[in-house]
Number of protein chains: 2
Amino acid sequence: MDSILIVGAGAWGTALAVLCERRGHAVTLWSRSLTEEINHTRTNARHLPGVNVPQPIVVTSNLRANPDIGFVIWATPSTALEEISRQLAESGTVAPDAICVSAVKGIELTSGLRMSEVLGRNFPNHAQAVLSGPNHAIEIARKIPSATVVGSDQPEVAGTVQALLASPEFRVYTSPDVAGIEIGGALKNIFALGAGIGDGLGLGDNAKAALVTRALAELVRLGIQLGGRRETFYGLSGVGDLMVTCFSRHSRNRRAGELLAEGKRLAEVTEILGTMPEGIPTTRSVYRLAQKLGLNAPITTQVYRVLEEQAEASEALRRLLERELRPEADE
Amino acid sequence: MDSILIVGAGAWGTALAVLCERRGHAVTLWSRSLTEEINHTRTNARHLPGVNVPQPIVVTSNLRANPDIGFVIWATPSTALEEISRQLAESGTVAPDAICVSAVKGIELTSGLRMSEVLGRNFPNHAQAVLSGPNHAIEIARKIPSATVVGSDQPEVAGTVQALLASPEFRVYTSPDVAGIEIGGALKNIFALGAGIGDGLGLGDNAKAALVTRALAELVRLGIQLGGRRETFYGLSGVGDLMVTCFSRHSRNRRAGELLAEGKRLAEVTEILGTMPEGIPTTRSVYRLAQKLGLNAPITTQVYRVLEEQAEASEALRRLLERELRPEADE
């Protein structure tokens, strides 16, 4: 039994808390704003409705030094990670030998850095791992079998986190490709917005498959240019996560794209979903990064145009689907 | 305007006939058993209900020499191609300068050959192309935008077929990788059976994505060993077709897997679907080929066990999903 601090009580943080508690660990779930509600109702109605948050999970908004905590799993919104991790670093909450596991999906807007790099700024001496894969929170919370990938530069750290989390219904693979895992987890949300736009515009299954195929090509191309390994993008945390995010009814990013296609503005989408889907800030960050580095990112560009330049969704989709005929290998 | 003979009035042959007629070509649709019904009702209620087969399409079961025919598109069941193509070759129906386009998805059981190789036995001197991609027939027939890939050893043949079929709502890419295109089109039906078994057993979206990710890895590995190119398997006729076949409500192979998971026997499945889904003979052929060549094909093997050895679907799926924890790169 280990002592785990989970930072952030969104859908994913809450599901990870439930998973870890079920696994027999002592779990503290830190939330800025939902502590009272979760403690009172033992559910997180806003982000993970219908799931019981068992009593042994301590839900708190206090940050206090706790030398027992062996693992900190970060599950904040990507845009909040810098600030919250700085606060935790300054408060001395995290013991020097605790392992930091980032489950955050995104790219920092101003710096273009991955989430583990953002964490590394505030916790430069802590052992680190990242966690990503085709993992809709609600299925994990409901104990529906799933698999994920834990990445670390240090194989023994990846193995330790694997042993911490693995169970028959939550299989954990390890990988040394931290960059690839994080890039896959971040970029797939952009493509889910694009797939959702297609769904909202009544794209057929054939064309949607063509669009997601092109998204995979964009993920692999950009991902390698940003430092990930090709094989990672063809694995669970790449194409696996891309598929589940683009095709599942559970995906909020896909749903956000649908709402955008119906003509909703960004503020309305966020209000309807009760949260800002990660694909929205990630599209901004990756668009900016691609511009800066001169990378070809046609889907990211069209999603960006819909989000930030009030482009018509139908016109953006048409630009993606209508290309001149040419040998497929040129793609 | 070209003159096209389409051989086989299943869902795909009928949709291709509708597509070609819409494109302005003179179309003859050959069917062994449905000629009367289609001529009488102008629909193919058995295989493509709700779609009008326009008058200009000549539906016939006669095979007669016709020097005007410039293209023969083959769309028979894979298990019938050898016999029907031999009959057409012997009858002299196909002029020597006609281009043969195989739209058949399968692998010959006895020989392990691809469909274009089967055709080549009976038409050794005809120019050849193959056609495959994420193309549910019903969407093509309904003019819902789709994309496909035409492959040929001869670039000018691929270009000619591209020009023959392409329209704003049916985009046609070309490729020199005939083997890769055919293998992708054939093997994806095995994995759709597997995905359907998962659906039938109530697998969640996370686990289904993990299963299809593993299917993609099996497709690429087997496909390269059987002579296809890696990049083809990551394109429209590989992962694109795999996704649409594993996730679409239109997929008969996926649906067949669902029925098998519910405990239906093969004969019942075929009766319910009104046709033998191609994944069933293809699983036999590929299992046999993998055994002969000593190839590792875990999903194909488990689907084969369900189809041919009366293995419990749940036990076969468990074998696929339960593997010991290990670094993902070992997969």
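**Exercise 1. Find how many residues of chain B and of chain A are in contact, and how much area the two chains bury.**

Step 1. Start with the contacts: in this predicted model, 46 residues of chain B touch 46 residues of chain A. To count here, heavy atoms must lie within 4.5 Å.

Step 2. Now turn to area. The size of an interface is often expressed as the accessible area that is lost when the parts come together. For chain B and chain A, about 3700 Å² is buried between them, and 59% of that lies on carbon and sulfur atoms.

**Exercise 2. Describe the charged and polar pairs between the chains, then say which elements of chain B supply the touching side.**

Step 1. Look for salt bridges: the count between chain B and chain A is 2. One to find on screen links the side chains of B:Arg249 and A:Asp205, at 2.8 Å from N to O. That value is within the 4 Å limit for a salt bridge.

Step 2. Next come the polar contacts: 16 residue pairs across the interface qualify, both residues being at pLDDT 80 or more.

Step 3. Then ask where the residues sit. On the side of chain B that touches chain A, at least two residues each come from helix H5 (137-141), strand E9 (146-151), strand E10 (170-175), helix H8 (205-225) and helix H10 (236-247) of chain B. H8(B) gives the most, with 9 residues.

**Exercise 3. Which rotation and shift superpose chain B on chain A, and what relation is that?**

Step 1. Read the operation: a rotation of 180° with 0.0 Å of shift along the axis places chain B on chain A, with an RMSD of 0.0 Å.

Step 2. Name the relation: this is what a two-fold axis does.

Step 3. Check the surfaces: 100% of the contact residues of chain B recur in chain A, so the same surface serves both copies.

**Exercise 4. Trace the open sheet of chain A and find the strands at its edges.**

Step 1. Follow the order of the 8 strands: E5-E2-E1-E6-E7-E8-E9-E10, with mixed pairing.

Step 2. Look at the two ends. Strand E5 (58-60) and strand E10 (170-175) of chain A have a single partner strand each, so one side of each has no neighbour in the sheet. From one strand to the next, the twist averages 25°.

Step 3. Zoom in on one pair: strand E6 (residues 71-74) and strand E7 (residues 99-102) of chain A run in the parallel sense over 4 bridges. There, A:Phe71 has A:Ile99 in E7(A) as its bridge partner.

Step 4. Add a helix: H6 (residues 155-165) of chain A packs on the sheet, and its direction makes about 180° with that of E10(A).

Step 5. For contrast, visit strand E3 (residues 43-44) and strand E4 (residues 48-52) of chain A, which pair in the antiparallel sense over 2 bridges. A hairpin of 3 residues joins E3(A) to E4(A), and A:Asn44 stands opposite A:Leu48.

**Exercise 5. In chain B, how do strands E1 and E2 pair, and which helix touches both?**

Step 1. Strand E1 (residues 3-7) and strand E2 (residues 26-30) of chain B pair in the parallel sense over 5 bridges. One of the partners of this pairing is B:Thr28 in E2(B), matched with B:Leu5.

Step 2. Helix H1 (residues 11-22) of chain B packs on the sheet and touches E1 and E2, among other strands. The direction of H1 makes about 170° with that of E2(B).

Definitions and conventions
Residues are numbered from 1 along each chain as its sequence is written. Chains are lettered from A and ligands numbered from 1 in the order in which they are written. This is a predicted model: local features need pLDDT of at least 70, side-chain atom pairs count only at pLDDT 80 or more; totals for chains, interfaces and linings use all residues. Side-chain values use heavy atoms; hydrogens and water are left out. Copies are superposed by least squares on the C-alpha atoms of residues with pLDDT of at least 70 in both. Two strands pair if DSSP finds at least two bridges between them. Axes are lines fitted to C-alpha atoms, for helices over the stretch in contact, and angles run from 0 to 180 degrees between N-to-C directions. Buried area is the accessible area (1.4 Å probe) that two parts lose on being put together, summed over both. A polar contact is a pair of N or O atoms within 3.5 Å; within protein, one must be able to donate a hydrogen and the other to accept it, and residues adjacent in sequence count only if both atoms are side-chain atoms.
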